[in-house]
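Me: I am new to this structure and would be grateful for a close look at a single part of it. Please choose one helix, explain how it sits among its surroundings, and then place it in the wider chain.

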Amino acid sequence: MGGGGDMKWQKDAADQNFDYMFKLLIIGNSSVGKTSFLFRYADDSFTSAFVSTVGIDFKVKTVFRHDKRVKLQIWDTAGQERYRTITTAYYRGAMGFILMYDITNEESFNSVQDWVTQIKTYSWDNAQVILVGNKCDMEEERVVSQERGRQLADQLGVEFYETSAKENINVKAVFERLVDIICDKMSESLDSEPAMLAGGARGQRLTEQPQSNNNPACNC
């Protein structure tokens with residue numbers, strides 16, 4: 001399927017079934033719901049049984065955005081520390097990250113900054129990030145307020161959603177928004193440096209991600 005970063009934005013001439021391929025990663029502490037989130041989006045299924053992801057797994061989904069067929073290669077990473085050296089190897093070439101915490105788990109929220117450091121350390125400079133507070137259906141067990149999540153996202157300069165893989169709240173919206181952000185950055189960069197098209201747009205730098213004030217949140 002290609003070598004990570006080398007695939008970034010170039011059109012694969014051998015495969016006319018898609019215009020672009022974006023590599024996305026879902027990261028965060030163990031048990032925040034990363035695998036359930038991916039299964040809800042890719043297969044529209046949900047299971048309450050928790051099985052810890054071993055190492056890393058991925059699914060492929062093709063979507064239409066802006067008249068382009070975008071193939072998403074979505075990697076589900078293990079949250080445990082013992083898998084960190086395996087999972088961080090996959091950060092290279094990732095164009096987008098869904099950084100997830102569990103609104104019923106304070107520790108998972110406190111770990112967000114550590115995950116941001118991982119992104120900055122192991123991924124390319126301009127990977128786009130969305131902060132996601134998952135399990136918003138569990139309002140009675142909430143320990144992290146929506147406002148705290150939004151404040152942290154503002155502090156980090158990323159967008160923010162609360163989601164529920166179980167109730168299928170904002171799951172599709174998160175993926176679509178992440179793809180849109182990547183597409184927007186790609187367009188901006190190609191507009192400013194058209195020569196990048198010929199070069200496969202490899203390793204180029206993008207402008208800073210703008211703040212968005214109209215982030216939809218969980219209404220459950």
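Reply: The account below begins with the chain as a whole, turns to helix α4, and then follows its surroundings outward.

The model is predicted. Its chain has seven helices and six strands, and from the N terminus on these elements follow the order β-α-β-β-α-β-α-α-β-α-β-α-α. Of the 220 residues, 51% count as buried. The chain exposes about 10700 Å², of which carbon and sulfur atoms supply 46%. Among contacts between residues at least 6 apart in sequence, 73% join residues at least 24 apart.

Helix α4 comprises residues 112-122, and its buried residues are V112, W115, V116, Q118 and I119. Viewed down the axis of α4, these buried residues fall within an arc of 155°, so they line one face of the helix. The general geometry of helices is relevant here: an α-helix has 3.6 residues a turn, so residues three or four places apart point the same way. On the other side of α4, the exposed residues are D114, K120 and T121. The cover over the buried residues of α4 includes β1, α2, β4, α3, β5 and α5.

One residue of the buried face, W115, leads to a loop elsewhere in the chain. W115 is in contact with G79, a residue of the loop between β3 (68-77) and α2 (84-88). G79 counts as buried because its relative accessibility is 9%, below the 20% cut-off. Leaving aside neighbours within four places in sequence, G79 also contacts G28, N29, S30, K34 and R84. The C-alpha atoms of G79 and S30 are 4.1 Å apart in space, although the two residues are 49 apart in sequence.

Strand β3, on one side of that loop, includes T77. T77 has a relative accessible area of 1% and is therefore buried. The side chain of T77 reaches the backbone oxygen of I26 at 2.7 Å.

I26 leads in turn to I98, which touches it. Not counting residues up to four places away in sequence, I98 also touches L25, I27, F37, I130, V132, V174, F175 and L178. Together with F22, L72 and F175, I98 is among the residues with the most contacts inside the largest nonpolar core, which has 28 residues. At least two residues of this core come from each of β1 (20-28), α1 (34-43), β3, β4 (96-102), β5 (128-134) and α6 (171-192). Helix α6 gives the most, with 10 residues. Apart from this core lies another, of 24 residues, and I119 is among them, as are L25, F97 and V158. I119 is also one of the buried residues of α4, and the helix thus has a residue in this second core.

Two of the helices that cover α4, namely α3 and α5, are also joined by a salt bridge. Side chains of opposite charge can pair when their charged atoms come close. R148 and E106 form such a pair, with their closest N and O atoms 2.7 Å apart. R148 lies in helix α5 (residues 146-156) and E106 in helix α3 (residues 106-110), so the pair ties together parts that are 42 residues apart in sequence. R148 is partly exposed, with a relative accessible area of 30%, and E106 is likewise partly exposed at 30% relative accessibility.

Helix α5 also holds a salt bridge between E147 and R150, whose closest N and O atoms are 3.9 Å apart. These two residues are three apart in helix α5, which means that about one helical turn separates them. E147 is partly exposed at 43% relative accessibility, and R150 is partly exposed with a relative accessible area of 23%.

Salt bridges occur elsewhere too, and a search of the whole structure finds 10. Including one between R142 and E139 at 2.8 Å, N to O, they also link R65, K172, E176 and D180 in a network. E139 is partly exposed, with a relative accessible area of 38%.

In summary, α4 has buried residues that line one face, while D114, K120 and T121 are exposed on the other side. Through W115 the helix is in contact with G79, and I119 belongs to the core of 24 residues.

Technical notes. Residues are numbered from 1 along each chain as its sequence is written. This is a predicted model: local features need pLDDT of at least 70, side-chain atom pairs count only at pLDDT 80 or more; totals for chains, interfaces and linings use all residues. Side-chain values use heavy atoms; hydrogens and water are left out. Helices (H or I, at least four residues) and strands (E, at least two) are DSSP runs, numbered from the N terminus. Buried means under 20% relative accessible area, exposed over 50%, partly exposed in between (1.4 Å probe, protein chains only). Contact means heavy atoms within 4.5 Å. A polar contact is a pair of N or O atoms within 3.5 Å; within protein, one must be able to donate a hydrogen and the other to accept it, and residues adjacent in sequence count only if both atoms are side-chain atoms. A salt bridge is a side-chain nitrogen of Lys or Arg within 4 Å of a carboxyl oxygen of Asp or Glu. A nonpolar core is a set of buried Ala, Val, Leu, Ile, Met, Phe, Trp, Tyr and Cys residues joined through side-chain atoms within 4.5 Å. The arc is that of the directions from the helix axis to the C-beta atoms. Accessible areas come from the Shrake-Rupley method with a 1.4 Å probe; for residues, only the protein chains shown count as cover.
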